[in-house]
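User: Please take a close look at one part of this model and describe how the backbone is arranged there. I would also like any unusual backbone geometry to be set out alongside it.

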Amino acid sequence: MTTVLETEELRKQFGELVAVDGVSLAIDDADITSIIGPNGAGKTTFYNLLTGVLKPTAGTVRLKGDDGLVDVTGAPPHEVAKAGLSRSYQITNIFEGLTVRENVRIARISRDGSRMDFLSRADSDPDMEADVGEILTLTGLTDIAETPCDQLSHGQKRTVEIALALAIDPNVFLMDEPTAGMNPTETTEIVSLIRELNEEIDATFVVTEHDMDVVRDISDRIVVLADGAVLADGTPTEVLNDERVTEAYLGSEGQ
Amino acid sequence: MSGDEDGTRTGLAAFGSAAVTDGWTRERISLLVAIGLVAMAFAPSFQVYLFTEFLIIALFALGFNLLYGYTGLLSFGHGLFFAGGSYGVAIVLRDLGPVIADVVGSGIAPVVTFALAMVIAVMIVVVVAIPVGWLSVRLEEIYFALITLAFGMLGFSFILQNPGGITNGTDGILVLLGSVEIGGMDVRLGDRQLYYFLTLGIVASATYTIWRIVNSPFGAVCKAIRESPDRAAALGIDVTHHRWMTFILSALFVGIAGALMAGLASVASPYHAHWTNSATAVVATVIGGATFFAGPIVGAFIYLYVRWGISRFPALEAHWELFFGALLIAVVLYFKIGAVGGLLLLRERLFGAETSTDGGGETE
Amino acid sequence: MSVLTVEDIQTYYGNSHVLHGVSLEIEAGEVVTLLGRNGAGKTTTMRSIVGATPPRSGSITYAGEEITDLTPDEINARGLSLVPEDRRVFPTLSVQENLVLAHNLARDPRPVEEMYELFPALDPLRSNNGRNLSGGEQQMVAVARALVQRPDVLLMDEPTEGLAPVIVDDLREIVRTVVDEDVTVLLTEQNVDFAFDLAERGYIIDTGEIVFDGTVEEIQERDDLLETYLSVGGVDA
Amino acid sequence: MNFTTLVPLIGIGDIVVGLSLGSRLFLIAVGLSLIFGVLGVLNFAHGALYMLGAYFALAVTTSVVDNFWLAVVIGALAVGVVGALIEVATIRPLYERAEGELDQLIVTFGFVLIIHELVRFIWGSQPYSMDTPALFDFSVTVGASTFSAYRILVIGLAALVMLSLWLFITRTYFGSLVRGTSSDREMASMLGVDVPRLYTGVFFLGSVLAGLGGALSAPLQSTSPALGDQVIIDAFIIVVIGGLGSMTGAFVGAMIIGLLQSIGPQFIAAGHIAIPFLAMVLVLLFRPEGLFGGIGE
Amino acid sequence: MEKDQRKIENKNNQRSPIRASSERNSRVGRRRFLQSAGVVGAVALAGCADDDEDVVRLGATYIFSGFASLYGDEAERGFEMAEEEINENGGINGQELEIIQRDTEGDADSAIRQMNSLVEEDGVHGLFGLDSSGVAQAIAPQAEDIGMPYMVTHAATPFLTSPVGEHDNSVGNDYVFRNCNSLAQDMFGAARVAEELDADEWATIGPDYAFGYETWDYFRDFCEGLGVDAEFTEEQYPALETSDFSPYISAILGAEPDGVITPLWGADLTTFVSQADDAGWFDAIDYTLFSVGMGTDLPAGGPLPGGQHASTRYSPFTPETDENETFREAYYDEYDTLPTYNAEGAYRAVYMYKEAIESTGSTDADDLVDAFNGMEHSGPVGDYRLEERTNQAVVPAIWGVVSYDDGWESNVLDPVEVYEAGPEELESALEGSDLPTGV
């Protein structure tokens, strides 16, 4: 097992508030790691630190590059993305005014480095179109490929979100509540999609999720964050039977 | 427009027959537009002038909209690049005209000079746009609008100060295109029809290029940035850098428009850099509809022809600002997505055709 | 006789269709909970009722009056107050100003001082600006700001989110006190136990549709519902 | 430029001039900033409203009642009414629009043209001058410089307006409504604030301030339809330097620009257009939010 | 307290702006409406304008919008009066005269578009107007290009009537004429005034554009040419539309000149005078020469302080001819104020076209150009000719002292001095200077 993403003593403070408090984690290649924790535990801030949206107060983030781990601490989001970290958002963040195909194509263009090509037609590269088609097939979006995204249902938008993350062919996928707001059928589909990708292309996933079924179902490993720090870390069986975790989730109900 | 015949002739013939046989096809419409544009040259002389000016303003607005409609950045200082184009041409013609005449001989000198002046003018614009854009794209939304306004006005005051005597201060610089002798005939470069065809050729090519750009991978990324800059960044797109590149491209096309204006109006005026001139592109774009490729063109048409229409009626002309202001307000209030949007909605009502608010014109 | 009736509302965000015909009936003095996972449409339902995101079709009636197309301030003036999910304490206003603002806008408000008795933790923070409060303190202000208006209907969108267990206990007591004064409450929660403690009836919403309604006891008995719609079960229940 | 003769000139007189210029600019900038801070509207017509203030005051003194103070008050209030009408009729429908900001900008730009033309139609293009109110119609000489006592009055009034506005916004209940609504319009509405009415009220207040600035300018400066054209650009610069939405910022920014315009030309003959814009570029690049924060700060 | 008295005088002068202008506008408005109705009709007749031989059409291009629109408004009074008079008296050669006005917006692009439209769409037979020198310089080659006479009635730069090639900036050609005095003629007069005044040190405060700089250049060169014993100390150029001139005023006051020449105009002049007054300017500086001060600012409400020197391109009282008196009285009846030079220039331009058309019996552009070249004409301003070489009117420079006239309820120049400013005078005074005379 090689480490593809590593944080060391990562810390983020907003004024008095310590949102992330010295998190050290090493994510292994081809694993699906779930990060869970109650609201306000620092999951979103942790994600923002990993992806370069926020600069950490202290600590480092390293990503697997061609020659071992590369320090990307404090790099802007687009560089982190290029270094191989792709994210999907908890609150859907896609290019609403464009069609599904255009959305995916843009991600593919970004990966391709043809961003500065301003004279050929965006849809003229057969290799790229084939790739885009493949991603659409893989994510089951082919039928609605030409629909503008602002006319999609919530579940479809979530899927586009994942398709975008997928299209830049990253080393690590960060998924912030990929099933949020989906109905059971859609959830099942997303879960099997993640598992499929994990098995077929050995993709590494870091997932936050509220739905414990999903967590139990897909995780190779679970990390529990509470108050900005790692409360528990291990296999699903270990973590889900940890008393501290139960407490953290149940709050006063445990008493 | 004319020239290299043989290969194109068969192509044109095929195109023409397709146009005639297939009903309201794209070919047929294009052919009609092309015929209309050529026929325009034989309209009354003033209409040729006005239409030439319209083409220039349309290019101005199209260049502006590359940055606004496609990348989401509202510039209030594109007059700077318009002035860059007009002054570039004026200065080259004034200071290098004689030198060039010495080199190439006086016969074709005006043509060579003007061509060279256009190229140099556009280069000057790009050289100005590089640092101005680099600084400006660090900001977004209203702040971007304000910093571009400030840069535009800095350019305006620079021109007024007449540094080293190159800009001739408030008077601006006269632009005299001269004439060439072809087969014993004296052909004036500034001749209405000739200059119309020249402008038409350049504006049509530039418009086609902009159309290609917005439909290119580069343009797709622009649209992505417009929709969601942070999402674009998360996909590995350097948003700031991409905006910078768009800024430069946008300035380049505006510079071409400015250069053409210098030739048409025969003067490079400091007011080309003034914010009120920058506002022309903004207003034309808003009137036409920023989300449509053709929006700025339609907007420029309305802008210029309404102003002209008003001037034809003394009672209106005496208070044209009143009517123009009222028109602006009416368009903004009653045409939510610009005149093009309004037209498409009308078409939808009449023919039941499907219309989407974005990209109607840009992908068809 | 229901005091608040939501009938078959369809609500959109832009072009995105969020609520697909939601109907609710709440009787005066009742405490009703609306349950569902993230993104199911709970918040949108609340926002539709208070006029922040008016439905495109369907109707909402309050005390016999159609309020579907009223503006949020008009609905507030009829006695409906919302504690929004994201608290939305005015960041540049002090705690006192936040409360006074709400107080002065209501027809028949409670005295502001009463709020400090209800939330003693806020007392020393009177002059602190909203943005300098912790999440829990903000939540208290948000609840107090709604209560000070002495609403007839109190809508609370996930009031326990981010609160320490001790404060959740306090909040439960406060809501009970309020309920005793014949206030009608509509409550959404992810913390189902909090909801079950307070509510008599509940609706379960999923992808913008009501999938179940019944008494709290009925819901509690249905493990399948809890599993499927509320991600409750196994370890964290 | 002869520096030796100029340097000793920067004395009280220049500072008084700079501050009085700054005071007039403050009155227009603070209204602009207030409207932007609460409504999010960049009101291009604010300069035209300033100009209207001067005309209304002139019209009152010449045809209604020859009392300067009454003219200033009536003029300012009348401008407020015009502003409120503009807001209700043409800006209110645009708040919910996706690209609303630009639409608002164009609409207010349209009003610049309309107000210009109406003023030209009613009063003609010729510049008018207004007499200094008798009470302040004397010159003050300090050292080498002589200036009108009226300038001191304008400075005092601007400071008074700043203080009252500050107290109004930070200390009163209505002020807290304004601050609350500016930070979270929807929440304010859900708590019972009639937001459209509050917006109209703020637009009215901002317009009154512009009208007051124009009316107070009338004795210092000639009144012509173009009075507001330059001023609105100065006001934009001030608001950017001070911070969009900030009253303190508007005050400090106005005084900075006033003093720059008063003292600057004596050193840099060629820079009077460029200097303010240069200052604006620098602020935008290094502190884009301006020197001060938002409403009430 | 002489200053205070002046203030009171000015206060008395000031008529109600509301009443005065509403009277004027209701009248003008009605006429404009009728005019427009006529043109709507004309347009409806499918642009038969060119074939309509019964009408003589002239295009009037002035600034009717923006900060300089007062010039357009003044000119409009002049040419409308001429149009009415001529048509009431049988028109031009029996043809009706129609004047079409267009707004140049003070901008070269617009001015050129309007000019082209007037010539090509309305078929005008001649053009007149232009306030801005910058615009006039841009228009000049265009007028030559389309071969249409252009009678400039206001723009004052000498380069406009200095034939191309004489100086780098010269744009004069056969088609551009000017019927009012130029900046060079005006400054010649100013130097003559300076010659007689007890002032050694001179300064200037002028608008920050070509007009401001050229005024100072010509003033200095004329003073030197005429052997005036003068030193030139301080120059200040505030931008157009400056709201506070005080810093510039203190700079000038600091240099302690004896005399100042200022070409400030319009709203800027009004602002300047009131602020200069507050700063004690008129106590500290012996002589202030207002070079365009008696232009649009002559009327009753104008700001010029009594006792100072001012020039005008036309004086309603000089020369004391019947022609001038008739014009003055008619104008006063119509507009309730004395005519400004911009009104007179526009008025006279129309009559110059009338005379040219009647003398040649033709409305052909080239015939008109020939008629104008070297034309001798007489108008309210007096008898003058257009100089053949430059097409510049040989009109005198008129300088005088501002004083209030109770009878006219207006500022006038009294006493007034007229300085002949023909080519000979200017050439000899400019010997050694590289500035062209433009005459």
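Analyst: Helices, of at least four residues, and strands, of at least two, are DSSP runs numbered from the N terminus. In these terms, Asp182(C) of this predicted model lies in the loop that runs between α6 (165-180) and β8 (184-189) of chain C. Asp182(C) is not a glycine, yet its phi is positive, at about 65 degrees, and the residue is exposed, with a relative accessible area of 63%.

The part to examine closely is in chain E, where an open sheet of 7 strands with mixed pairing follows the order β7-β6-β8-β9-β10-β13-β14. Its edge strands, each pairing on one side only, are β7 (231-236) and β14 (410-419) of chain E, and from one strand to the next the twist averages 25 degrees. Helix α6 (residues 183-196) of chain E packs on this sheet, with β6 (201-205), β8 (259-262), β9 (287-290), β10 (309-312), β13 and β14 of chain E among the strands touched, and its direction makes about 70 degrees with that of β13(E).

At the β14 edge, β13 (residues 397-405) of chain E pairs with β14(E) in the antiparallel sense over 8 bridges, and Val402(E) has Leu413(E) as its bridge partner in β14(E). Strand β14 of chain E also holds Pro415(E), and the peptide bond leading from Asp414(E) to Pro415(E) is cis, with omega near 0 degrees. A cis peptide bond likewise joins Thr318(E) and Pro319(E), with omega at about -5 degrees; Pro319(E) is placed in the loop between β10 and α11 (322-335) of chain E.

Terms used:
Residues numbered from 1 in each chain as written. Chains lettered and ligands numbered in written order. Predicted model: local features only at pLDDT ≥ 70, side-chain atom pairs only at ≥ 80, totals over all residues. Heavy atoms only, no water. Pairing = 2+ DSSP bridges. Axes fitted to C-alpha atoms, helices over the stretch in contact; angles between N-to-C directions. Contact = heavy atoms within 4.5 Å. Buried < 20%, exposed > 50% of the residue type's maximum accessible area, 1.4 Å probe, protein only.
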